[in-house]
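Got your viewer open? Let's take a walk through this one, from the overall view down to single residues.

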Amino acid sequence: MSMHIATKWRELAERHGDHAAIVDDHGTWSYRALHARIARLGNALAGLGLSKGDPIALLIPDIREYLEADYAIMSAGFVRVPLDPRLTGPELVALLRYAGAAALVTHVAFASTVAALTGEVESLRHIISIGGDGSGG
C-alpha cells in the first residue's frame, strides 16, 4: 500500500518538527517550515481552480524553492512536469504543449523566457512566478 506524499510530509513534520530539512546558503528550513510552505503553495495552486491531475510545469533553477514547488504540486494531486532551464524557448513551448500544462511555476530569473511563451501554449492558464524579493517567497 502506497502512502500519499502529502501524508508523508505531514508525518515528517510531526516527527522531525524543528530539525533541519534543508540547509543551504540562505539558511535552514525545518521539516515543519518546509511542510507549511508545501501545503500553502499546494492550496494556492488548488485555489486557482486547477483540478487534480492537471499537469503543472516547473521552470525553476536548482534552489530550495524547486523542492517546495515540486512537492507542493505532487501533494496537491497535480502532475509535475519538470522542465530543464537550459532548453530554448521553442523547446519549452513544444514540451508545454505536449504535456498540456495548465500552469507553470517559474522563477523571476526566467521572466524574459516566460514572457515569450505567453500566448504560445493554449492550455497554459496560469503562470506563477517565485523569487525576486530576496526572501524566497
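Start by colouring by burial: of the 137 residues in the protein chain, 39% are buried. Keep in mind that you're looking at a predicted model. Switch on the surface and you'll have about 7500 Å² of accessible area in view, with 54% of it belonging to carbon and sulfur atoms.

Now go to cartoon view. You should find 5 helices and 6 strands, and if you trace the chain along its sequence they come in the pattern α-β-β-α-β-α-β-α-β-α-β. Turn the model along its principal axes: the C-alpha atoms fill a box of roughly 45 × 35 × 25 Å. How does the radius of gyration sit with a compact globule? For 137 residues, such a globule would come out near 14 Å, so the 15 Å of this chain agrees.

Next, show contacts. Taking those between residues at least 6 apart in sequence, 60% join residues at least 24 apart.

Colour the charges next. There are 12 positive and 15 negative side chains, and the centres of the two sets lie 7 Å apart.

Time to go inside. Nonpolar side chains tend to be buried together in soluble globular proteins. Here the largest nonpolar core has 23 residues; select L45, I56 and V105, the ones that touch the most other members. To see where this core draws its residues from, highlight α1 (5-16), α2 (31-47), β3 (55-59), α3 (64-75), β5 (103-107) and β6 (126-130), the elements that each give two or more. Then pick A57, L59, L117 and L124, which are among the 14 residues of a second, separate core.

Zoom in on V105, in strand β5. Is V105 buried or exposed? Its relative accessible area is 0%, so V105 is buried. Which residues does V105 touch, once you skip those up to four places away in sequence? Show L45, I56, A57, L58, L59, I60, A69, I73, I128 and I130 as sticks. For a distance check, draw a line from V105 to P90: they are 15 residues apart along the chain, and their C-alpha atoms are separated by 18 Å.

Last stop: T7, in helix α1. With 26% relative accessibility, T7 falls between the 20% limit for buried and the 50% limit for exposed, so T7 counts as partly exposed. Now add S75 to the selection. T7 and S75 are 68 residues apart in sequence, yet their C-alpha atoms are 8.2 Å apart in space.

Conventions: Residues numbered from 1 in each chain as written. Predicted model: local features only at pLDDT ≥ 70, side-chain atom pairs only at ≥ 80, totals over all residues. Heavy atoms only, no water. Helix = DSSP H or I, 4+ residues; strand = E, 2+ residues; numbered from the N terminus. Rg over C-alpha atoms; globule rule 2.2 N^0.38 Å. Buried < 20%, exposed > 50% of the residue type's maximum accessible area, 1.4 Å probe, protein only. Contact = heavy atoms within 4.5 Å. Areas by Shrake-Rupley, 256 points an atom, 1.4 Å probe, with all protein chains shown as cover. Lys, Arg positive; Asp, Glu negative; His and termini not counted. Charge placed at Lys NZ, Arg CZ, Asp CG, Glu CD. Core = buried A, V, L, I, M, F, W, Y, C linked by side-chain atoms within 4.5 Å.
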